Amino acid sequence: MNAAEFRRRGKEMVDFVADYLENLEQRPVYPDVKPGYLQSLIPTEAPLEPENYEEIMKDVERVIMPGITHWHSPYFYAYFPAASSYPAMLADLLCGAIGCIGFSWAASPACTELETVMLDWLAKMLQLPASFIAGTHGQGGGVIQGSASEATLMSLLAARCKAVRRILSIKPEMSEPEILNKLVAYTSEQSHSSVERAGLIGGVMMKKVPTDSTYAVTGDMLKKIVEKDKEAGLIPFYFCATLGTTASCAFDHISELGLICNEENMWMHVDAAYAGSAFICPEFRPLLNGVEFADSFNLNPHKWLLINFDCSAMWVKKRHDMIGAFKVEPLYLRHENQESGLVTDYRHWQIPLGRRFRSLKMWFVFRMYGLQGLQAHIRKQVALAKEFESLVQADKRFEICADVIMGLVCFRLKGSNELNQNLLKKITKSREIHLVPCHLSGRFVLRFAICSRTTESRHIRKAWRHITQLTFELLKNPIQ
Ligand code: PLP
């Protein structure tokens, strides 16, 4: 493909994408394919001779689309949102064109510097404490990770390194393996599975802290378990709090928890993967109070801030906690400005070496929506969740299972888990709307998350009519 053909095909692709997104609600949101469906539709070997573009595009509809779960359909209510907007898609195209691998400042100065400034912009939108802002001489700062899972893992590894160094400095008689064996990390029993995985990958003990009736961890609960572990000779070093849990969007009490972590020399990481974006609205910002006690904080603009995957924003208060933990310096990655104190080399902040120019997406979206546009997006989705909650509340056969604070509604039919499982089976089979379940206090619960940027009140009401129609059929014939 030469530049002339690229111009033509590029314009066609933009039309294809706009048509796809504009007409998405006409497609079934959930695919009707069996495992292995795709293998039978394409050859088992790559072609020897070049093929033409038209044939490939025909195959997009024939091979790919039947197997797509349409995350941007206004009838997609599963998991949490995957953000999407036209400015972000255009920025992604530009990112592909520049195609730099920005592991160090020298590897592409604009890639590094725009990232630092965008994370500062976002930190200010969130009113994060000044200690998280890089500015020109700050000790903190932000980085774009690929996912909240990576942010949690990085924070845990940095905390582990810091804890080992601290213990060695006060108890030089202890060996490093001895210390590692005694380190213990904590998180809520409601936290995302990625936190448990961070413990497994980091090779440290991870204990689950029980939650209160709102599915949140309080200070008392953490304190109790930390005291017991200290008495048993363990070394508490890390706590991962969640603001907006995956199951029910519960908020751990980080003001109380942060105080305890600071007193106990424990690193507090705050995982606000989904709900964190909402803190750009002053009415939701109080939920972030206590972040001043945290060592690191993360949210996914690729969930709720109109920036397409991947873009997970992470801030640390002391960048040297990260850099100091993971620094290796081969000659081929060095550059003349690295010791100037004026540049960031993001390779020290992450697991891979290579990194894309993801901050372009932030820059385009922040400028084209403005803070007000982003706030309007969050508020609209929360209002839609509230609307869905009222529909559920008005039907006495159903119950709401957790406070609706943001864009997630947890609900169920009053009755057995089996009944609710059967309702979800019917919903999934219908392919008209898509939801996933969770367990809350041992009960099988349906999660209805407002996801697509294009979801409107009419979609919510249609989804509810669909759920009540399937409920009617189910209750007539409960044995499925
Ligand atoms: N933390 C929370 C609270 C989440 O809800 C999720 C995913 O939904 C994650 C972490 C994992 O996010 P990621 O896919 O960015 O690793």
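## Polar contacts to the ligand

In this predicted model, the side chain of D271 places an N or O atom 2.6 Å from a nitrogen atom of the ligand. T246 also takes part: one of its polar side-chain atoms sits 2.8 Å from an oxygen atom of the ligand. For K303, an N or O atom of the side chain is 3.4 Å from a ligand oxygen atom, a distance that still falls within the 3.5 Å cut-off for a polar contact.

How much of the ligand does the protein bury? On its own the ligand exposes 390 Å², and the protein buries 86% of that area.

## The shell around the ligand

There are 14 residues around the ligand, and those that come nearest are A148, S149, T246, D271 and N300. So two of the contact residues named above, T246 and D271, appear in that nearest group as well, given the 4 Å limit used for being near a molecule.

Sorted by class, the shell holds nine polar residues, three nonpolar ones and two charged ones. Which helices each supply at least two of the shell residues? They are α5, spanning 148-170, and α10, spanning 301-304.

## How α5 packs

Let's follow α5 away from the ligand shell. This helix packs with α7, which covers residues 193-202, at an angle of about 40 degrees, and the two axes are 9 Å apart. Because angles from 35 up to 65 degrees fall outside the parallel and perpendicular ranges, α5 counts as oblique to α7. As for handedness, α5 and α7 cross in a right-handed sense.

Definitions and conventions. Residues are numbered from 1 along each chain as its sequence is written. This is a predicted model: local features need pLDDT of at least 70, side-chain atom pairs count only at pLDDT 80 or more; totals for chains, interfaces and linings use all residues. Side-chain values use heavy atoms; hydrogens and water are left out. A polar contact is a pair of N or O atoms within 3.5 Å; within protein, one must be able to donate a hydrogen and the other to accept it, and residues adjacent in sequence count only if both atoms are side-chain atoms. Accessible areas come from the Shrake-Rupley method with a 1.4 Å probe; for residues, only the protein chains shown count as cover. Helices (H or I, at least four residues) and strands (E, at least two) are DSSP runs, numbered from the N terminus. Ala, Val, Leu, Ile, Met, Phe, Trp, Tyr, Cys and Pro count as nonpolar, Asp, Glu, Lys and Arg as charged, and the others, Gly among them, as polar. Axes are lines fitted to C-alpha atoms, for helices over the stretch in contact, and angles run from 0 to 180 degrees between N-to-C directions. Angles under 35 degrees count as roughly parallel, over 145 as roughly antiparallel, 65 to 115 as roughly perpendicular and the rest as oblique. A crossing is left-handed if the near helix is turned anticlockwise from the far one by less than a right angle, and right-handed if clockwise.
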